[in-house]
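Below are a few remarks on the ligand site and on one loop residue, set out as numbered points for your consideration.

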Amino acid sequence: MAKLNRIVVVGASLAGLRAVQALRAADFAGDITLIGAENHAPYNRPPLSKSVLNGDDDISLPGAEQLAGDWLRNRRATALRTDDRLVVLDDGSEATFDGLVVATGASPRRFAAQPAGVHSLRTVDDALALRTELAAEPAHVTVIGGGFIGSEVASTARQQGISVTLVDAGSHPMVATLGSHGAQWLARHHARHGVDLISGVRALGFDGGSRATAVLLSDGRRIPTDVVVAGTGVEPNTDWLRGSGLKLDNGVVCTSSLFAEGESSIVAAGDVARWSHPLFDGELVRVEHWANANEQGALAVRNLLAGPAQAETYAAVPSFATHIHGARIQVAGLPALADTERVLIDESDEDRLVVTFASHGILVGAVAVNAPKDLIRLKRAIAARTSSKEVTD
Ligand SMILES: Cc1cc2nc3c(=O)[nH]c(=O)nc-3n(C[C@H](O)[C@H](O)[C@H](O)COP(=O)(O)OP(=O)(O)OC[C@H]3O[C@@H](n4cnc5c(N)ncnc54)[C@H](O)[C@@H]3O)c2cc1C
């Protein structure tokens, strides 16, 4: 493996920061250029849909202080010229590299016309804008999309005493992530906490001209509202890589050790990476979880320095945790890959639920509500590719 002298990291958030820290930890003596489109130092996103909306400003990301301003902020990569080994920036300048880390994350899907009063939630600026609107005590908020972020916002708004409608296109919110039992539990949980849940219906647009005053639904209904939150999922930030020769398909397609397919000096990490997961028969997966970006940023760099022949695969069990209306919901593995699901515990009166997911008889996922010890046990069982028959309550 040729010695690397100049490494460029594109994307200055969690995965990009961990990449830079790993370079320093490895005593990398060459040049490091970190390029970030935001005008903020790297920060923590999970609080944006939770504590920040309740007035807490702590979004600090441990390690961000080590950058000490030594990076390009408010600067966007617009193209990658793979043959010339350079990244083109939005001010026309170029950054040459002999090793590249792609850590550009993901951006929210937006409505074609998104008038004032309709909020997406990805950045600290998005969160502060939404917080200001919620602080004005709106009579009614409509959340479009019942995924984690939409459900968290619905929960926070209810906590603040605001009337909430949650519109979700699926049969139940988060059915792909939580499976059918988990999603049915979540629907009941939202209802018990006063959320007016409308499932199986799409939001098509808005009434009200320059500021949305109502949400228009695919079944013809019109929901008058003061504030709208669009939580309709994200798309990986790969536009700048079009035409670069990198394989793009719902993210940067990577090997099991995070090298962009066909490349030996370009790696990807975090929400933008779609890699061949060793635990799930090499299935290409893209994971939008904090722990994934946190670990992949560092591993991608270690692999870049070591070269593909010495590289380590990334085989961690994906995992995610959140609180919605006071219940702790945890997911391990990838329930979406399952052909069967089995309820191990369902104690409705205590809001305790444990569901396992298997593919061809092998455990691939678990969902736990208020059952953290079960989740730890099941996560280990997923990592060990345990037969679902061996898993009992
Ligand atoms: C509101 C919210 C709540 C969340 N809650 C949880 C949670 O509870 N638990 C959990 O596990 N995960 C949660 N997540 C997900 C988690 O925050 C992400 O998985 C994580 O931030 C991914 O990190 P990343 O570095 O890969 O990408 P990102 O954090 O998306 O960062 C990518 C960075 O690259 C920059 N960029 C993009 N394109 C370019 C370009 N062309 N040039 C230069 N820079 C560019 C972007 O501006 C951004 O700063 C949440 C996310 C959000 C938005």
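1. Which backbone atom of Ala106 lies 3.5 Å from the ligand, and from what kind of ligand atom? In this model, which is predicted, a backbone N or O atom of Ala106 is placed at that distance from an oxygen atom of the ligand.

2. Two further polar pairs involve oxygen atoms of the ligand: a polar side-chain atom of Arg122 lies 2.7 Å from one, and a polar backbone atom of Ala15 is 2.9 Å from an oxygen atom of the ligand. Of the ligand's own accessible area of 1,000 Å², the protein covers 94%.

3. The elements that contribute two or more residues to the shell around the ligand are α1 (14-25), α5 (290-306) and β21 (319-324). There are 34 residues around the ligand, among which Ser13, Glu38, Arg45, Lys50 and Arg122 come nearest; by character, the shell divides into 17 nonpolar, 9 polar and 8 charged residues.

4. As to where the ligand sits, both domain 1 (6-107 + 235-310) and domain 2 (110-230) give residues to the shell, and the ligand therefore lies between them.

5. Turning to the loop residue, Thr225 is found between β14 (222-224) and β15 (227-230). Is Thr225 buried or exposed? Its relative accessibility is 6%, and because buried means under 20%, Thr225 counts as buried.

6. The side chain of Thr225 reaches the backbone oxygen of Val227 at 3.2 Å. Leaving aside residues up to four places away in sequence, Thr225 touches His140, Val141, Thr142, Ala212, Thr213, Ala214 and Val215.

Note on methods. Residues are numbered from 1 along each chain as its sequence is written. This is a predicted model: local features need pLDDT of at least 70, side-chain atom pairs count only at pLDDT 80 or more; totals for chains, interfaces and linings use all residues. Side-chain values use heavy atoms; hydrogens and water are left out. A residue is near a molecule or strand if one of its heavy atoms lies within 4 Å of it. A polar contact is a pair of N or O atoms within 3.5 Å; within protein, one must be able to donate a hydrogen and the other to accept it, and residues adjacent in sequence count only if both atoms are side-chain atoms. Accessible areas come from the Shrake-Rupley method with a 1.4 Å probe; for residues, only the protein chains shown count as cover. Helices (H or I, at least four residues) and strands (E, at least two) are DSSP runs, numbered from the N terminus. Ala, Val, Leu, Ile, Met, Phe, Trp, Tyr, Cys and Pro count as nonpolar, Asp, Glu, Lys and Arg as charged, and the others, Gly among them, as polar. Domain bounds come from an automatic or database domain assignment. Buried means under 20% relative accessible area, exposed over 50%, partly exposed in between (1.4 Å probe, protein chains only). Contact means heavy atoms within 4.5 Å.
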